[in-house]
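Thank you all for coming; I would like to walk you through one structure this morning, beginning in the middle of the fold and working outwards. Please have the picture in view while I talk.

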Amino acid sequence: MTDGRIATARLGTTGPEVGVQGLGCMGMSFAYGPADAKESRATLERALELGVTLFDTADAYGRGENEKFLSPFFRVNRDAVVIATKFALSIPPDEPTRRIIRNDPPYIRQAVEASLKRLDVDVIDLYYMHRRDVNVPIEETVGTMADLVREGKVKHLGLSEVTAGELRAAQAVHPIAAVQSEWSLFSRDIEANVVPAARELGVALVPYSPLGRGFLTGSFTNADKDLTADDVRRQQPRFTGENAAANVALLEPVRTVAEAHGASLGQIALAWVQQQESVHGLPVVPIPGTRKPTRVAENARAATIELTKDELALLEPIAEQVAGDRYADMTFASAGRE
Ligand SMILES: NC(=O)c1ccc[n+]([C@@H]2O[C@H](COP(=O)([O-])OP(=O)(O)OC[C@H]3O[C@@H](n4cnc5c(N)ncnc54)[C@H](OP(=O)(O)O)[C@@H]3O)[C@@H](O)[C@H]2O)c1
């Protein structure tokens, strides 16, 4: 940290320079219960002051509402922010638990125009395919995304929850700046194939849900009891019932390390993710999500915490003991297709 601002990293060989920690903006409009717009706006401002420059959204978050919510902030700070958004996923209003995935060229073309309009910008800095539609060859999808770069609508390309094979095929069509996949003390499946492929290809990792959707901070212990009826965590097996009860016990080593550093549980969870950069030898820029200015500052401070070898060893066994998958249908994640 210099002048209270976090350090920077480059996303992939050809990607943009960003703060080593980004901000996940999804919860400001979607997924995790009601949000206070004023507090969310203050969170965005505070993030930027701290050197957080990568702001993550998607057209699916609140069916476009999240992109619209962020657009005034982006307009005022256009040169200081790196705007990342995504296409491929939609949620029918009458079926909130259903996910429709499309990767075909006509869909991508209409999706990018709609995102540019809602964001009210001329160009998207980092455009991700949010989910893989296995019915469309990835070369065709990335070929269309590459056309968007040539046309000046998009600057850099990213892929979310792709397998190592999909990443290799995509990179053969156009440089990929970043893979965005779940990576945390609780979710480490990408370390088997995706992380080594990204390192080899010069692609950065952008871990989403690095706080285990809040569970790793200790802020809730059971989604059924602690969270509102519309909270998506109530659909995720590891946060409910017996699984949640078993998983709370896994936070004990995180608590031990937190006490040694005078830090919060969340800061240790984030420090662990940040440190995967040196463990695996590739740029790692997590995007913790929060709607609170105090929390964004707490999270940014985690970028300066260094865990010792012994502490990493203490945290090592947690992931393999987690009860419950990260999605009810694991084909939604790359690990379900590998
Ligand atoms: N590519 C994908 O498929 C995908 C999937 C999921 C998410 N994402 C992206 O990744 C971002 C981050 O993931 P996420 O939001 O799912 O999970 P996360 O970052 O692991 O956790 C977010 C949760 O933790 C809470 N939290 C944050 N900082 C905290 C702190 N210091 N102390 C206590 N609680 C804290 C937040 O509550 P408050 O907001 O109330 O602070 C929120 O409930 C999202 O915003 C989204 O942009 C992408």
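Let me begin with strand β8 and its neighbour β9 (residues 154-160), which run parallel and are joined by five bridges. When I say helix or strand, I mean a DSSP run numbered from the N terminus, H or I over at least four residues for a helix and E over at least two for a strand, and two strands pair if DSSP finds at least two bridges between them. One of the bridges here sets Tyr-128 against its partner in β9, Gly-158.

Before going further, I should say that this is a predicted model, in which local features need pLDDT of at least 70 and side-chain atom pairs count only at pLDDT 80 or more, while totals for chains, interfaces and linings use all residues. Residues are numbered from 1 along each chain as its sequence is written.

Is β8 mostly covered or mostly open? Strand β8, residues 124-129, is mostly covered, with six of its six residues buried, where buried means that 20 or more other C-beta atoms, placed from the backbone, lie within 10 Å of the residue's own, exposed means 12 or fewer, and partly exposed lies in between. On another pairing of β8, strand β5 (residues 82-87) runs parallel to it, joined by four bridges, and Ala-84 stands opposite Leu-126 in β8. Strand β5 also pairs with β4 (residues 54-56), in the parallel sense and over three bridges, with Leu-54 opposite Val-82.

Returning to β9, we find that it pairs with β10 in the parallel sense over three bridges, and that Gly-158 has Ala-178 as its bridge partner in β10. Strand β10, residues 178-182, is mostly covered as well, with five of its five residues buried; Ala-178, Gln-180 and Glu-182 point one way from the strand, while Val-179 and Ser-181 point the other way. From β10 we step to β11, paired with it in the parallel sense over five bridges, where Ala-178 stands opposite Ala-204.

In which order, then, do the strands of this sheet lie? Seven strands form an open sheet in the order β3-β4-β5-β8-β9-β10-β11, and the pairing is parallel. Strands β3 (23-24) and β11 (204-208) stand at the edges, each with a single partner strand, so one side of each is left without a neighbour in the sheet.

Helices link these strands. A right-handed β-α-β unit is made by β8, helix α4 (residues 138-150) and β9, right-handed meaning that, with the strands pointing away from the viewer, the path from the first strand over the helix to the second runs clockwise. Another such right-handed unit consists of β9, helix α5 (residues 164-171) and β10, and a further one of β10, helix α6 (residues 194-201) and β11.

Turning to the ligand, 29 residues surround it, and the closest are Gly-24, Met-26, Leu-211, Gly-214 and Gly-289; a residue counts as near if its C-beta atom, placed from the backbone, lies within 6 Å. Helix α11 (residues 293-301) gives the most to this shell, with three residues.

Finally, for the chain as a whole, there are 13 helices and eleven strands, and 49% of the 338 residues count as buried. Along its principal axes the C-alpha trace spans about 50 × 45 × 40 Å.
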